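Student: I have a model open and want to see how its labels are earned. Can we go through them?

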Amino acid sequence: MKYRGWLIYNGGMKTAKFLEIHDWYIRTARKYQIDLMALSNDELFIGIENGQRLIVSHNTRPDFVLFLDKDIRLAEHLLEWGVPIFNSPETIAICDNKIQMHQQLAKANLPQPLTIFAPMLFSQIKQPNAQFLTYVEKSLSYPLVIKEAYGSFGQQVYLIENRQQLETKAKELIHRPHLFQEYIRSSHGKDVRLHVVGNQVVASMQRVSKADFRANVTNGGEMFTVDPSQEFIDLAIAASKAVGADFSGVDLLYGNHGQPLICEVNSNAHIKNIYQCTGIDVSAFIFEYILAKVQGRS
Ligand SMILES: Nc1ncnc2c1ncn2[C@@H]1O[C@H](COP(=O)(O)OP(=O)(O)O)[C@@H](O)[C@H]1O
Ligand SMILES: [Mg+2]
């Protein structure tokens with residue numbers, strides 16, 4: 001083997017579902033002469049000694065790290081150690097928090113639904129500000145969408161139909177970062193997931209749910225192959241670039257004229273559903289991309 005890589009995953013993800021994905025990456029890596037070792041974030045002990053960054057365990061440095069976890073401190077530590085990390089800690093941090101992600105996309109002036117961020121309040125505050133909620137309902141009208149900043153599989157995304165529901169959910173989330181968003185009716189129960197690697201969309205699928213406004217497959221959405229228009233492709237690549245991703249899964253909504261709107265960018269997109277839908281192995285594109293970087297070809 002010519003190269004050594006680490007695949008970092010979360011210690012809480014030792015289920016068969018995740019181990020299967022790690023084995024998949026390891027098998028693909030082998031085809032590229034990469035000896036890839038899967039390590040959970042709680043197997044690597046990191047810290048500071050004598051005022052200096054210190055990696056306690058595994059002190060032979062790999063050529064790169066494929067970082068499938070969200071433990072940003074660890075990613076930063078490894079980067080400081082001089083190891084190229086894919087995706088970068090900055091990108092993982094931005095994508096982990098939907099508020100930061102929307103702010104970053106706005107810097108690049110990319111189309112997104114109208115979005116209002118909830119204020120961060122100290123713990124003695126028990127009620128959301130009524131005037132703020134009035135502003136939210138006037139700006140977005142019902143139904144509207146609430147999303148927790150940290151969430152996945154559609155599980156922390158809520159459809160709010162009236163003031164009562166708005167007040168209840170806003171109170172429940174008062175000490176968790178969250179946002180309020182225009183509900184895109186034209187995209188009800190459907191969206192497009194595009195996998196971007198570098199400057200390229202390598203695979204896409206449409207997701208459709210008959211039962212829910214959220215199209216997530218884990219939430220009951222069905223997958224269909226799709227041939228996205230250039231507008232969808234260009235926006236997915238621009239969104240991925242805006243958050244500095246090496247590779248990502250971009251979710252696009254259908255605006256009211258069929259135009260794409262960015263729903264979110266996932267830095268840690270899963271590769272199994274897209275493979276089952278399209279037969280495309282995104283992991284091969286990822287290793288080609290990483291090797292080009294490691295060898296200084298791009
Ligand atoms: N503003 C919106 N209007 C309509 N549907 C939405 C909106 N935002 C999200 N959705 C639907 O909910 C799903 C989950 O939202 P998303 O922001 O991608 O959260 P998660 O990180 O949990 O996947 C999307 O795939 C989409 O189908
Ligand atoms: Mg999503």
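Tutor: Start with the elements: helices (H or I, at least four residues) and strands (E, at least two) are DSSP runs, numbered from the N terminus. By that numbering N50 is in the loop between strand 3 (46–49) and strand 4 (52–55). This is a predicted model, in which local features need pLDDT of at least 70, side-chain atom pairs count only at pLDDT 80 or more, and totals for chains, interfaces and linings use all residues. Residues are numbered from 1 along each chain as its sequence is written, chains are lettered from A and ligands numbered from 1 in the order in which they are written, and side-chain values use heavy atoms, with hydrogens and water left out.

Student: Why is N50 called exposed?

Tutor: Buried means under 20% relative accessible area, exposed over 50%, partly exposed in between (1.4 Å probe, protein chains only). N50 has 74%, so it is exposed. Its phi is near 50°, a positive value in a residue other than glycine.

Student: What makes F153 partly exposed?

Tutor: Its relative accessible area is 31%, so F153 falls in between the two limits. F153 lies in the loop between strand 8 and strand 9 (157–160). Its phi, near 60°, is also positive, and F153 is not glycine.

Student: How do you know that F153 has a polar contact with ligand 1?

Tutor: A polar contact is a pair of N or O atoms within 3.5 Å; within protein, one must be able to donate a hydrogen and the other to accept it, and residues adjacent in sequence count only if both atoms are side-chain atoms. A backbone N or O atom of F153 lies 3.3 Å from an oxygen atom of ligand 1, which fits the limit. N216 qualifies too, with a polar side-chain atom 2.9 Å from a ligand 1 oxygen. For D251, a side-chain N or O atom is 3.3 Å from an oxygen atom of ligand 1.

Student: Which residues are closest to ligand 1?

Tutor: K98, K147, G154, D191 and E264 are the closest of the 22 residues that surround ligand 1. A residue counts as near if one of its heavy atoms lies within 4 Å. Four strands each supply at least two residues of that shell: strand 8 (144–148), strand 10 (178–182), strand 14 (247–254) and strand 15 (260–266).

Student: Why is H102 called buried?

Tutor: Its relative accessible area is 2%, which is under 20%, so H102 is buried. H102 lies in helix 4 (residues 98–107). Contact means heavy atoms within 4.5 Å. Leaving aside neighbours within four places in sequence, H102 contacts Q112, T115, F117, L179, Q181 and C263.

Student: What makes W6 buried?

Tutor: W6 has 1% relative accessibility, so it too is under the limit. W6 lies in strand 1 (residues 3–9). Beyond four places in sequence, its contacts include L36, H58, L66 and W81. The C-alpha atoms of W6 and L66 are separated by 6.1 Å, though the residues are 60 apart along the chain.

Student: And A29, buried or exposed?

Tutor: At 0% relative accessibility, A29 is under 20% and therefore buried. A29 is found in helix 1 (residues 16–31). Outside its neighbours within four places in sequence, A29 is in contact with I34, L36 and F287.
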